[in-house]
Amino acid sequence: MFDSDDLAAIRAGKREWEESTLASTLDRFGERRERFTTDTGGQTVERLYTPDDVAGLDYGEDLGFPGEDPYTRGVYPTMHRGRLWTMRQYAGMGTARETNERFRYLIEQGSSGLSMAFDLPTQKGYDSDAAMAAGEVGKAGVAIDSLRDMEVVFDGIPLDEVSTSMTINAPAAVLLAMYVAIGDQQGVSREELRGTIQNDILKEYIARNLYIYPPEPSMRLITDLFEFCASEVPNFNTISISGYHIREAGSTAAQEVAFTLADGIEYVEAAIDAGLDVDDFAPKLSFFFNAHNNVLEEVAKFRAARRMWAQIMEERFGAEDEKSKQLKFHAQTGGSTLTAQQIENNVVRVAYQALAAVLGGAQSLHTNGKDEALSLPTEKSVRTALRTQQILAHESGVADTIDPLGGSYYVESLTDDIEAEAFELIGEIDERGGMLSAVESGWVKRQIQDVAFERQREIESGERIVVGVNEYEVDDDAGVDIQAVDAADESRQKERLRAVKDERDDDEVEAALSALREAAAGDANLVPPIVDAVKAYATVGEISDVLRETFGEYRPSV
């Protein structure tokens, strides 16, 4: 992109600037610290960037135009000028009725997508009356035991008018089956159902630990869902390959990209091994990234990820459909960056993180409530979080042009650096036999833990400032109202579950579970019998237990 003579002149000019103008200022005042790095210390930040730092940049090969390979500048030709990102707000209150009320409130306030959180028992495939569920029912999200609960959640919410994202992984097939069943009840064509099911089990073994089954049958459930949705629910995104939780566990930005895309590679390979054609399912793959505080690093991360995925899909898998090469992603602001101290500061953090996601070209965005370091967010904090997105969309101007930071010497250089480091990590994963092997050996988790340990050391030593925590502290931090879960909700949820079991047809339930057991023992697609089971009001726990009997439960070796 740059003439060699011009670059030589720029290099000479920079040396002259360093020796004269800069040197005298450094002698007098110095700089704030000896070395500057990106947020997680992954990349050194130079004092000044010039065209010489991106001398090898080829506009056509490395950037291109929005909506065209390599998609660095965006997956759609008009990006946010044509359509704003989907504004999702994560909601899942203790009971199905409370979740329904929060969903209705968010829709009234202008949210264009629903995002559903589930409590820990549901995420682990336990019913609310299970011994393992005691004390956790409705705490981290909504308790879903049977189709009856989902009927309440979506009461009065037409599924052909909303897009729903469900943060569920090990029992993802069960919850999607319930969503399909609700659509069938409402008379909504399955082709009209829109949304995303997270369905990313590999990151559970890496970062969250909310797995049920061993990796191999878990991968079968995922590819079965790919196949089912390709034919039955074609507009539903079948997986949200999630770097979010990897970053929450402490990874660098480059690690987040590398491990997320490596998970994606593993899923694509598994689907192809299962007999699926790459262009039949790859267009419905979606990604989920974190948005942290270092705005420019985050923008570069998103741009690098898009460019890398286009290359991976074309070179590794021979994808021919352009939609198979497009990395479309949801972003959520960084939960681990929120502080319990001076929680009003979290409003500012969330705003900057949301800005990074928008500048980086997110397709949908969730902004955290300021109080999520303490509890589920209150209605007021959720409204402020949503208003943050709306102000960005309608008042800031950042959505009015495409890839506004494209061409910045620093952002382009950082995009290249993150891409190079991420591809290096993917190469090491390949040498270890692929992501599944790297995960099972514990290698991936160790890489993240090392970074997380170093970051915590920096905070405790004061090398890294966290405003309100280890610097700019106050003695009279005011208390705040937090969202509380009624302890009696657990008892009421158990009563509702008991009523469902009393009212349903036990013979129909047993027949459905037997059919599922037979399918699990063979090689049939598991999703249709799961749909039949949920329509018979078999519970999440009962369906999960059938699969536990067949597949066993995962016990980590490291």
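**Overall architecture and the setting of Arg303**

The chain is built from 23 helices and nine strands. With a radius of gyration of 24 Å, close to the 24 Å that the globule rule gives for 558 residues, the chain is as compact as a globular protein of that length. It should be kept in mind that this is a predicted model. Along the principal axes, a box of roughly 85 × 60 × 45 Å holds the C-alpha atoms.

A look at the interior and the contacts adds to this picture. Of the 558 residues in the chain, 54% are buried. Among contacts with a separation of 6 or more, 78% join residues that are 24 or more positions apart.

Turning to the surface, the accessible area of the chain amounts to about 23,200 Å². Carbon and sulfur atoms contribute 46% of that surface. As for charge, the chain carries 54 positive and 102 negative side chains. The centres of these two sets are 4 Å apart.

One residue may serve as a worked example. Arg303 sits in helix 13, which spans residues 295–315. Its relative accessible area is 0%, under the 20% cut-off, so Arg303 counts as buried. Leaving aside residues up to four places away in sequence, Arg303 touches Leu63, Thr72, Arg73 and Asp403, and its contacts also include Gly406, Val411, Glu412 and Thr415. Arg303 thus brings together two themes of this section, being a buried residue and a member of a helix.

Methods: Residues are numbered from 1 along each chain as its sequence is written. This is a predicted model: local features need pLDDT of at least 70, side-chain atom pairs count only at pLDDT 80 or more; totals for chains, interfaces and linings use all residues. Side-chain values use heavy atoms; hydrogens and water are left out. Helices (H or I, at least four residues) and strands (E, at least two) are DSSP runs, numbered from the N terminus. The radius of gyration is taken over C-alpha atoms; the globule rule is 2.2 Å times the number of residues to the power 0.38. Buried means under 20% relative accessible area, exposed over 50%, partly exposed in between (1.4 Å probe, protein chains only). Contact means heavy atoms within 4.5 Å. Accessible areas come from the Shrake-Rupley method with a 1.4 Å probe; for residues, only the protein chains shown count as cover. Lys and Arg count as positive and Asp and Glu as negative; His and the chain ends are not counted. The place of a charge is taken as NZ of Lys, CZ of Arg, CG of Asp or CD of Glu.
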